[in-house]
Each structure stands twice: as structure tokens, then as C-alpha cells.
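Subject: Structure handover

Hello,

Here is the structure I said I would pass on. Please open it and keep it beside this message while you read.

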Amino acid sequence: MLSDLELLIEYLPFMPLVTFVVSIIGLTVALVALTVAIINVRRKSGMSVKGRVSISNSAYAEDDYVSNITIENCKDKAVIIFEIYLMVGRNYYIELESFSEPNILKAYESYVARYSPVEFYASGMKPVDLNDLIKDSKVKKRIVLSTSQGRYVVKDWIKKWDPVIEQLHGKMTLGIHPVRYDNKLGHYGLNIKYAVKLINEDGKNIIKPIRLIDIDRPRFDEFRLTKSALSSKDNLAEFINSKIDEGIAKFTLVEVIDIEAVRLESINNGYSFNRQTLQYYGWFEHVVNWRLKNLLAKLILRLTKVDKGTYKKVGNVVVAAILTMLIGGFFK
């Protein structure tokens, strides 16, 4: 067995390395602790609020107006807000909100408000015209908050991503929105043909949606529908009334509504029901193929620009056509 002194002498050459490793670990722990402390101090000190406004116009109003506003508290501390303004230019402040009691925006909390069109703007009792300034994109517009710490100008804008914007920029993106018709009957899909409003034996109002495939299906407990009954709204009403008269149906018919007619009246303007079936695009088609096609389109556009020489233009068109057939056909 080696004595303690012999062990110490044996491992003495490795002591500088051990000391270095321990020092590195200690320094790393200290830097991490310092970084966490700085982040916590920054998170709880000062004020950081992001914001966003939308300016709209209406056929019923002469002046453009702020239709909605969103502000977000980005700190781990509350912000007390008395008023919210939209600063137009450097010296015009449009009052958006004036809280009767201060609005306390808690840590990481957001505030969203919507506004209706305005009659007009006024300074004191004097009407003013802000339309030209509001519409001018060169005139800077910022959200200004009246807070417990004084005037605060919101500098950070809440970014909003929109697939339609990407689509307008020519990217291989398609923005899709659901379409629903507005009515008091509820919302039904394209499979529904009629809606039967009735009052049951308990006196409750009930709406039964009816599909064209509901022939001989138990849509009603007392009877089955027929093909003739489903051929039109009037035939369906007549069929149901006949079952009521015969004493088979134990409810009162209120109305038969042609959902298809309601749908066509509400949403068919501008829409075609010849729907396009969409296909799946993988990463290569969506990213690589789109970029190559976009570059090709820009190249063709540049080549087909009007030049000084007619012969040069004809030659460029020929080159562009060849490129289109070769590259476009390859990446189809």
C-alpha cells in the first residue's frame, strides 16, 4: 500500500490540469449565474410594450379610423395605463382609449380593443380633417401610452404573419378561408338540403336537417321519407303534413326551409362550386422547385423587356421560350 505522501507525489504532475478543469467549471457556473441574474433584472426592470393598430375605412364614414388595437406587455411586471393614443406625425395625438379607472396590464398580458367608424375628429370643439395624414404611408404613426411612469412610445411593432401576403409575393402558398352562410338556423354543410322546423309534443322547438340520401332513413321516429318527398321543399312540407293529418306524426310542422336556396343566396356570389382538388407538395416542390421557377420567371421577364434593337428582343424571346420548355418541363 502506498502512503499518502507517495500518492501525492504520484499525482502531483496532474494537479495543474485538475486545477484548470475545476477553474473552467467554476467560471462556467459563475457566467451562467450572472447571465440568469442579468436576464431576471432586465425582465423585471423598465418597461417594454409591443403594439399594433389597424386603420380601416367604411362606406358609411368619411374619415379613416383605427378599427382595432393590440398591445402586449413584454415584462414580468404590471403596467398601469391611463390613456392610449395614436400619434400621427410628431404632434397629433388621436385618443383611442381613456379609462375611467386605470387599466392594469399584468405581466405578459395583452389588451385588445375594436372600434367602430367615427363621425369626425375634433380638437376641443373644432372639427379637424386628418384623412390625408392618416392615409399617407410616409407619415409615421405610433402608439403612445399614458402610464404611471409617464409618456411611453411603443416602438416595437407586433408582427403578424399572413399566408395571403406570401401568396401576393409570388410564393408557393395558398391562403384558404372557411365559408359559412349567416342565418339563425345554424350552420350546415353541403350535404344538407332542407331544414324542418317543428314543435314536438313537449312544446320544444326543434330543427331537423335533412339530406337527399335520407330516403328510408330514420330521420323521424314515426315515418320514413321518400324520394318524391325530397324532390322539392313543397313536396316535403306536403308529405309531412299528410303524416300529421293521418295522426302518424305527433308534432306540429312550423316550416320547411330550403337550405340550398339559403346557401346560394348567401354565399354563392363570386363562388363556384366546381371545387378544385388540391394536391400535396413535399419539401422539394415547395422550397426548391418554387425558387427555381421564380428565378426562371424573373429571367424570362428580364429577357423579354423592350430593348433598343428589335432583333435583340426577338432573340431574347426565343431564348426565354427555350428556357421555359427545358427548365419548366423538368420541374413540372
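E83 touches E97, S98, F99, V144, L145 and S146, leaving out residues up to four places away in sequence; contact here means heavy atoms within 4.5 Å. E83 is found in strand β3. Helices (H or I, at least four residues) and strands (E, at least two) are DSSP runs, numbered from the N terminus. One of those partners, S146, is 63 residues from E83 along the chain, yet their C-alpha atoms are separated by 5.1 Å.

Before going further, the ground rules. This is a predicted model, in which local features need pLDDT of at least 70 and side-chain atom pairs count only at pLDDT 80 or more, while totals for chains, interfaces and linings use all residues. Residues are numbered from 1 along each chain as its sequence is written, and side-chain values use heavy atoms, with hydrogens and water left out.

The chain as a whole

The protein chain has eight helices and 13 strands. It is 332 residues long, and 26% of them count as buried. Buried means under 20% relative accessible area, exposed means over 50%, and partly exposed is in between (1.4 Å probe, protein chains only). The chain exposes about 24,300 Å², and carbon and sulfur atoms supply 57% of that area. Accessible areas come from the Shrake-Rupley method with a 1.4 Å probe; for residues, only the protein chains shown count as cover. Of the contacts in the chain with a separation of 6 or more, 56% are between residues 24 or more positions apart.

The nonpolar cores

In soluble globular proteins, nonpolar side chains tend to be buried together. A nonpolar core is a set of buried Ala, Val, Leu, Ile, Met, Phe, Trp, Tyr and Cys residues joined through side-chain atoms within 4.5 Å. Which residues touch the most other members of the largest core? They are I69, I71, I84 and L145, in a core of 27 residues. The elements that give two or more residues to this core are β1 (49–56), β2 (65–73), β3 (79–88), β4 (92–105), β5 (110–114), β8 and β9 (150–154). Strand β3 gives the most, with five residues.

I84 is in contact with I69, I71, I94, E95, L96, E97, F99, Y111, I143, V144 and L145, again not counting residues up to four places away. A second, separate core has 17 residues, among them Y194, A237, I240 and A249.

I143 and I158

I143 is in strand β8 and counts as buried because its relative accessibility is 0%. Beyond four places in sequence, its contacts include G51, I69, I84 and V153. I143 and G51 are 92 residues apart in sequence and 6.9 Å apart in space, C-alpha to C-alpha.

I158 lies in the loop between β10 (156–157) and α4 (163–168). With a relative accessible area of 18%, I158 is buried too. Outside its neighbours up to four places away, I158 touches K50, G51, R52, T70 and E72. From E72 it is 86 residues away along the chain, with 8.2 Å between the C-alpha atoms.

Two buried lysines

K141 lies in strand β8 (residues 141–147). How far away is the nearest side chain of opposite charge to K141? That side chain is D136, 6.4 Å away, and K141 is buried with no salt bridge. For charges, Lys and Arg count as positive and Asp and Glu as negative; His and the chain ends are not counted. A salt bridge is a side-chain nitrogen of Lys or Arg within 4 Å of a carboxyl oxygen of Asp or Glu.

A polar atom of the K141 side chain lies 2.8 Å from the backbone oxygen of D136. The backbone oxygen of I134 lies 3.3 Å from a polar atom of that side chain. Apart from neighbours within four places, residues in contact with K141 include I55, M87 and W157.

K243 is in helix α5 (residues 233–245). K243 is also buried without a salt bridge, and its nearest side chain of opposite charge is E246, 4.3 Å away. Leaving aside neighbours within four places, K243 is in contact with F223, I248 and A249.

One backbone angle

Y108 is not a glycine, but has a positive phi of about 60°. Y108 is in the loop between β4 and β5 and is partly exposed, with a relative accessible area of 46%.

Regards

Terms used:
A polar contact is a pair of N or O atoms within 3.5 Å; within protein, one must be able to donate a hydrogen and the other to accept it, and residues adjacent in sequence count only if both atoms are side-chain atoms.
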